[in-house]
Amino acid sequence: MINFKKARERMVETQLIARGISDPKVLEAMRKVPRHLFVDEALQDQAYNDHPLPISDKQTISQPYVVALMTESLKFTGQEKVLEIGTGSGYQAAVLAELAGRVFSIERHPGLALRANQVLRDLGYRNVIIRVGDGSMGWPDDAPFDAVMVTAGTPEVPQPLVDQLAVGGRLIVPVGDRLGQDLVLVQRRPEGITKTNMGGVRFVDLVGKWGWKE
Ligand code: SAM
């Protein structure tokens, strides 16, 4: 029987702290959220390994380090309204829910959204709301957002997501071709938009109006 708490602690030490993740709140959230409950039972023994894992609909739950890196880049202070594109398993949404005030998450596959919603409810997360749809268009009804995270790769930064950023807001998005992307941090400052390259990643496709065509 695997000791999942110990596995999480080892993951935080060897995969996150060792690679430079240092925000104590991010490390605490990654120590707390039971990642193994977001994957199929048959894969639970691999949940804290240093790689992504398959979920249904040919999608993936991202590598723990990438989850931590993207989360840290958004610099949460606790009250933010955050939008996630690509709910997938719901794991990243749970990490965001530990750090922000409210989480709005969009998934294009209804089955994934349903399962993620159930796991998050069972774990007691009350500050996450999940919607099925094309997240490349954002969530205009509840904009603006203090933080936006896109967990799928796109050929360009979806403009609606930039438009839905609050002043002072931060958006992290993997931009590139289908084989690899750069994590781009977009910040809306009072004086305008800035973009910073945070390094290479490889994500499944963002499929939608402002992403890849199906
Ligand atoms: N954040 C997820 C997690 O913690 O498990 C991992 C996300 S997975 C790498 C990417 C997800 O984005 C997939 O579930 C995929 O179906 C979803 N996706 C792709 N294009 C989308 C779109 N336009 N709108 C919403 N979700 C989308």
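**Exercise 1. Helix 3 and the residue that follows it**

Lys75, placed just after helix 3, takes a positive phi of about 50 degrees. In this predicted model, determine which residues of helix 3 are buried, and state why helix 3 counts as largely enclosed.

*Solution.* Begin with the extent of the element, since helix 3 comprises residues 64–73. Next, apply the cut-off, by which a residue is buried when its relative accessible area is under 20%. The residues of helix 3 that meet this condition are Pro64, Tyr65, Val66, Val67, Ala68, Leu69, Met70, Thr71, Glu72 and Ser73. Because ten of the ten residues of helix 3 are buried, the helix is largely enclosed by the rest of the structure. The positive phi of Lys75, about 50 degrees, then comes just after helix 3.

**Exercise 2. The loop between strand 1 and strand 2**

Find which values phi takes at Asp57 and at Lys58, and decide for Asp57 and for Lys58 whether the residue is buried, partly exposed or exposed.

*Solution.* First, locate the residues: Asp57 belongs to the loop between strand 1 (53–54) and strand 2, and Lys58 is likewise found in the loop between strand 1 and strand 2. Second, read the backbone angle, which for Asp57 is a phi near 60 degrees, a positive value in a residue other than glycine; for Lys58, also not a glycine, phi is positive and near 60 degrees. Third, turn to accessibility, where Asp57 has a relative value of 38% and therefore counts as partly exposed, while Lys58, with 80%, counts as exposed.

**Exercise 3. A cis peptide bond**

Identify which peptide bond leading to Pro144 is cis, and describe where Pro144 lies.

*Solution.* The bond in question runs from Ala143 to Pro144, and its omega is near 5 degrees. Pro144 itself is placed in the loop that links strand 5 (128–132) with strand 6 (145–150). Its relative accessibility is 45%, so Pro144 counts as partly exposed. As a final step, relate Pro144 to Gln15: the two are 129 residues apart in sequence, and their C-alpha atoms are 33 Å apart in space.

**Exercise 4. Asp23 in its loop**

Establish whether Asp23 is buried or exposed, and name the residue whose backbone nitrogen lies 2.8 Å from a polar atom of the Asp23 side chain.

*Solution.* Asp23 sits in the loop between helix 1 (4–16) and helix 2 (24–32). Its relative accessibility is 16%, which means that Asp23 counts as buried. The partner is Lys25, whose backbone nitrogen is 2.8 Å from a polar atom in the side chain of Asp23.

**Exercise 5. The shell around the ligand**

Work out how many residues surround the ligand, which polar contacts the ligand makes at 2.9 Å with Gly86, Gln92 and Asp134, and how the shell divides by residue class.

*Solution.* Start with the shell, in which 27 residues surround the ligand, the closest being Ser89, Glu107, Asp134, Gly135 and Val207. By class, the shell divides into eight nonpolar, 14 polar and five charged residues. Strand 2 (60–61), helix 4 (91–99) and strand 4 (102–107) each supply at least two residues of this shell. Then take the contacts one by one: a backbone N or O atom of Gly86 is 2.9 Å from a ligand nitrogen, a backbone N or O atom of Gln92 is 2.9 Å from a ligand oxygen, and an N or O atom in the Asp134 side chain is 2.9 Å from a ligand nitrogen. The protein covers 99% of the 600 Å² of accessible area that the ligand has on its own. Finally, the space that the ligand takes is the largest pocket.

Methods. Residues numbered from 1 in each chain as written. Predicted model: local features only at pLDDT ≥ 70, side-chain atom pairs only at ≥ 80, totals over all residues. Heavy atoms only, no water. Near = heavy atom within 4 Å. Polar contact = N/O pair within 3.5 Å; in protein donor to acceptor, adjacent residues only side chain to side chain. Areas by Shrake-Rupley, 256 points an atom, 1.4 Å probe, with all protein chains shown as cover. 1 Å grid on protein atoms, 1.4 Å probe; cavity = no way out; pocket = protein on both sides within 12 Å on 5 of 7 lines; lining within 4 Å. Sits in = over half its atoms within 2 Å of the grid points. Helix = DSSP H or I, 4+ residues; strand = E, 2+ residues; numbered from the N terminus. Nonpolar A, V, L, I, M, F, W, Y, C, P; charged D, E, K, R; others polar. Buried < 20%, exposed > 50% of the residue type's maximum accessible area, 1.4 Å probe, protein only.
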